[in-house]
Amino acid sequence: MKRLFSIFISTILISACSSKQAETSATKEVQVTHGKDNKRLTESVEIDTATFNIMKALLEGRKPEDLNGQNDSVFSEEGRLEYVVLANDFYGASIKKFFYNEKGQLVRLVGFNKDGAIAPFFEYVAIHEQDYDQQGHLIEERFYDAKGAFVGPGSVPPILQLKYDEHGNKKEITYLDANRKMYEGLTRIVFEYNEENKLIRKLSYNAKGEVVGEERYQ
């Protein structure tokens with residue numbers, strides 16, 4: 001990302017002189033209250049009708065919109081990342097939307113194209129889901145294409161499973177295919193810690209159980 005700034009949207013008021021004008025006007029005025037550089041600002045801006053309609057759909061919870069900028073991160077009032085407007089739509093998606101559970105944990109990430117349809121944001125990945133244990137540890141990640149099927153072989157495996165030790169340190173990542181069988185190629189990463197719970201070594205294994213990579217940390 002070449003540039004990144006945060007927009008905290010607290011209020012978006014959509015107004016028009018009349019319902020007839022709202023349907024036919026080429027531009028519409030909206031009042032946006034946002035924060036930038038730790039300063040709050042409310043301003044009126046004119047936007048085209050297409051953007052107006054997409055913003056209205058967003059407020060109704062049906063569809064994301066493009067907030068007239070690239071590499072923009074849009075946050076909720078609670079400070080949660082809600083959208084990221086991508087620098088380009090190389091893979092298909094122009095925006096990513098983040099979904100959270102009642103605990104505030106990220107559970108779903110979905111890519112959308114400019115028409116509001118689900119689209120990939122990296123290779124064939126259009127939907128990324130995550131599960132947590134009762135302690136709040138991320139224990140599984142799943143990757144789907146735009147049709148909701150597990151992604152095929154590639155740099156992103158269909159399923160990742162994570163395990164932790166008694167201290168809460170991540171100790172193992174396992175790569176699984178769509179049938180939850182061991183993934184071909186890189187299948188497992190093991191993390192080793194010292195008595196102070198500091199990561200000292202990371203080992204990568206293939207499907208035969210052979211070490212194919214090692215990283216040491218001081």
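**A walk from a surface loop to the core**

Let's start at Tyr-91, which sits in the loop linking strand E6 (81-85) and strand E7 (95-100); strands here are DSSP runs of at least two residues, numbered from the N terminus. This is a predicted model, where local features need pLDDT of at least 70 and side-chain atom pairs count only at pLDDT 80 or more, while totals for chains, interfaces and linings use all residues. Residues are numbered from 1 along each chain as its sequence is written, and side-chain values use heavy atoms, with hydrogens and water left out.

With a relative accessible area of 35%, Tyr-91 counts as partly exposed, that is, between buried (under 20%) and exposed (over 50%), using a 1.4 Å probe and protein chains only. Tyr-91 joins Phe-90 and Phe-122 in a nonpolar surface patch with about 340 Å² of accessible area together. Such a patch takes residues with over 30% relative accessible area and no salt bridge, nonpolar side chains being joined within 5 Å; a salt bridge would put a Lys or Arg side-chain nitrogen within 4 Å of an Asp or Glu carboxyl oxygen. Areas are Shrake-Rupley values.

Now inside. The largest nonpolar core (buried nonpolar residues joined through side-chain atoms within 4.5 Å) has 19 residues, and Phe-121, Val-125, Phe-143, Ile-173 and Tyr-175 have the most contacts within it. Strands E10 (138-144), E11 (159-164), E12 (170-176) and E13 (186-193) each give two or more residues to this core. Apart from it lies another core of nine residues, including Tyr-83 and Ile-127.

Finally, strands E14 (residues 199-206) and E15 (residues 211-216) run antiparallel, joined by five bridges; pairing takes at least two DSSP bridges. Lys-202 has Glu-215 in E15 as its bridge partner. Four residues lie between the strands of this hairpin, where Gly-209 takes a positive phi near 85°.

Note on methods:
Patches are made of residues with over 30% relative accessible area and no salt bridge: like charges are joined within 9 Å, nonpolar side chains (Val, Leu, Ile, Met, Phe, Trp, Tyr) within 5 Å. Accessible areas come from the Shrake-Rupley method with a 1.4 Å probe; for residues, only the protein chains shown count as cover.
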